[in-house]
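Good morning, and thank you for coming. I would like to take you through one structure today, beginning with its empty space and then turning to its salt bridges, its core and its backbone.

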Amino acid sequence: MIINRLMICCLVVFVFSLKVTAQYFPSNEWEIHSNDEEIGWSFSKLKIAESYNKTIKTSAVLIIYKGKILSSWGNIDKKYMCHSIRKSFLSALYGIYVDNGKIDISKSLRELKIDDIQPLSNTEKTATIQHLLKARSGIYHPAAYEIAGSDLYKPKRGKFKPGENWHYNNWDFNTLSTIFERETNKKIFEAFEKDIAIPIKMQDFDREQDTYYHYEKDRSQHPAYPFEMTASDMARFGLLILNKGNWNGQQIISKNWIKESTASYSESGYGYMWWIQDKPYKMIIAKGVGGHSIDIIPDKDLVIVIRTNTYKREGISQEQKKRLLELIINSKI
């Protein structure tokens, strides 16, 4: 009798733990948690976070907990420019094609026959794909889609060898698009649609309407690759990364690539086109100018998407974003 009671108690604990830790994946529509406090969140504290959000210039905030919507503020279905979040999209694509053998990130620019308007030096051509992914190429050539005045803050050409110095550098990120397309014989946006957007059932993404190549041929041969996207679809991408590349049982990106690409390789906390924060908890962050971000917090099963209307030159500061995230995360009971 005692053994049977013990077995029943263990079964109850096991079933309860399954209920608490279950991970959901949205199908055509997101599911919504019905009662915040039953799943361990303070409704009143989330209201405080929402009230603070109304005082800053966000356009949409979407909070995903264990694969369901915990809360959303603003229009999560409106498309805004992703800005530098595009780089994390490309990082994920690289993982798929590294895993299937189409891309070897140890290849040098010389092997890849990469050059530019201002010819690369022999030393610069020793930079590898991996150096570019880490923003450590040492190549400070003018690039497309840079913030005005960026050239003033770049080191001089030739000051650092590949691998010696981290510098957030659009030349690296744009050239990675050229390399991707040459090595895979696929266009970035078509690959993103087929390999990521469709498998994770993005609701709003339209490749023909929401993407384009941005050229500045007087600066560089290599284009930027802007995306527009809704908070709702960006949260799906964040959930894919949160689940180590797995989407409802389908391994879209390998766990090894997720681990490798979201490790930090610089004091700045930069991975392979991801920002990494270790304290007070680990965060994997895709971010763009104006406060756009996908904040992935694995230990808390959270994905938080923040959008601003940069079309109207609106945005939030780093301090405002930090405060908003603190209020949201501290709402967990």
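Let me begin with a definition. A cavity here is a set of grid points where a 1.4 Å probe fits but cannot get out, and a residue belongs to the lining if it has an atom within 4 Å of such a point. Please keep in mind throughout that what you see is a predicted model.

With that in hand, how many cavities of 30 Å³ or more does a search of the whole structure find? The search returns 1. The volume of the largest cavity is about 40 Å³. Its lining consists of Ser 84, Lys 87, Ser 88, Tyr 168, Tyr 270, Met 273, Trp 274, Trp 275, Ile 285, Ala 286 and Lys 287. Two elements, α3 and β8, give two or more residues to this lining, and β8 provides the largest share, with 3 residues. By class, the cavity lining has 7 nonpolar, 2 polar and 2 charged residues.

One residue of that lining, Met 273, deserves a remark on its backbone. Its phi is near 60°, a positive value in a residue other than glycine. Met 273 sits in the loop between α10 (255–261) and β7. It counts as buried because its relative accessibility is 2%, and the limit for buried is under 20%.

I turn now to the largest pocket, which holds about 710 Å³ of space. It is lined by 30 residues, and those closest to its centre are Ser 84, Lys 87, Ile 147, Tyr 168 and Val 289. Among these, Ser 84, Lys 87 and Tyr 168 also appear in the lining of the largest cavity. Two or more lining residues of the pocket come from each of α3 (85–99), β8 (283–288), β9 (292–297) and α11 (318–329). As for chemical class, the pocket lining divides into 9 nonpolar, 14 polar and 7 charged residues.

Next, the salt bridges, of which the count comes to 18. I shall discuss three pairs.

The first pair I show is Lys 68 with Glu 31, where the closest N and O atoms are 3.5 Å apart. Lys 68 belongs to strand β2 (residues 68–74), while Glu 31 lies in the loop between α1 (2–21) and α2 (43–53), so that distant parts of the chain, 37 residues apart, are linked. Lys 68 is buried, at 13% relative accessibility, whereas Glu 31 is partly exposed, at 40%.

In another pair, the side chains of Glu 124 and Arg 157 meet at 2.7 Å, N to O. Here too distant parts of the chain are linked: Glu 124 is in the loop between α4 (109–112) and α5 (129–133), and Arg 157 is in the loop between α5 and α6 (170–184), 33 residues apart. Which partner is buried and which is partly exposed? Glu 124 is buried, with 5% relative accessibility, and Arg 157 is partly exposed, with 31%.

The remaining pair is Glu 146 and Arg 219, with an N to O distance of 2.8 Å. Glu 146 is in the loop between α5 and α6 and Arg 219 in the loop between α8 (207–210) and β4 (228–229), so this salt bridge ties together parts that are 73 residues apart in sequence. Both residues also belong to a network of salt bridges, together with Asp 151, Lys 154 and Glu 216.

Let us move to the interior. The largest nonpolar core has 93 residues, and those with the most contacts inside it are Tyr 94, Leu 109, Phe 192, Ile 294 and Ile 304. Beyond its neighbours within four places in sequence, Ile 304 is in contact with residues including Val 61, Leu 62, Ile 63, Ile 294, Leu 325 and Ile 328.

A polar residue is also worth a look: Asn 174, in helix α6, is buried at 1% relative accessibility. Its contacts outside the adjacent sequence include Arg 86, Ala 143, His 222 and Tyr 225.

I close with two further backbone details. The peptide bond from Lys 279 to Pro 280 is cis, with omega near 0°, and Pro 280 is placed in the loop between β7 (275–277) and β8. Lys 201, in the loop between α7 (188–197) and α8, has a positive phi, near 60°; it is partly exposed, at 40% relative accessibility.

Definitions and conventions:
Residues are numbered from 1 along each chain as its sequence is written. This is a predicted model: local features need pLDDT of at least 70, side-chain atom pairs count only at pLDDT 80 or more; totals for chains, interfaces and linings use all residues. Side-chain values use heavy atoms; hydrogens and water are left out. On a 1 Å grid over the protein atoms alone, a cavity is a set of points where a 1.4 Å probe fits but cannot get out, and a pocket is an open set with protein on both sides within 12 Å along at least five of seven lines; lining residues have an atom within 4 Å of a point. Grid points are joined across faces, edges and corners, and a volume is the space filled by probe spheres set on the points. Helices (H or I, at least four residues) and strands (E, at least two) are DSSP runs, numbered from the N terminus. Ala, Val, Leu, Ile, Met, Phe, Trp, Tyr, Cys and Pro count as nonpolar, Asp, Glu, Lys and Arg as charged, and the others, Gly among them, as polar. A salt bridge is a side-chain nitrogen of Lys or Arg within 4 Å of a carboxyl oxygen of Asp or Glu. Buried means under 20% relative accessible area, exposed over 50%, partly exposed in between (1.4 Å probe, protein chains only). A nonpolar core is a set of buried Ala, Val, Leu, Ile, Met, Phe, Trp, Tyr and Cys residues joined through side-chain atoms within 4.5 Å. Contact means heavy atoms within 4.5 Å.
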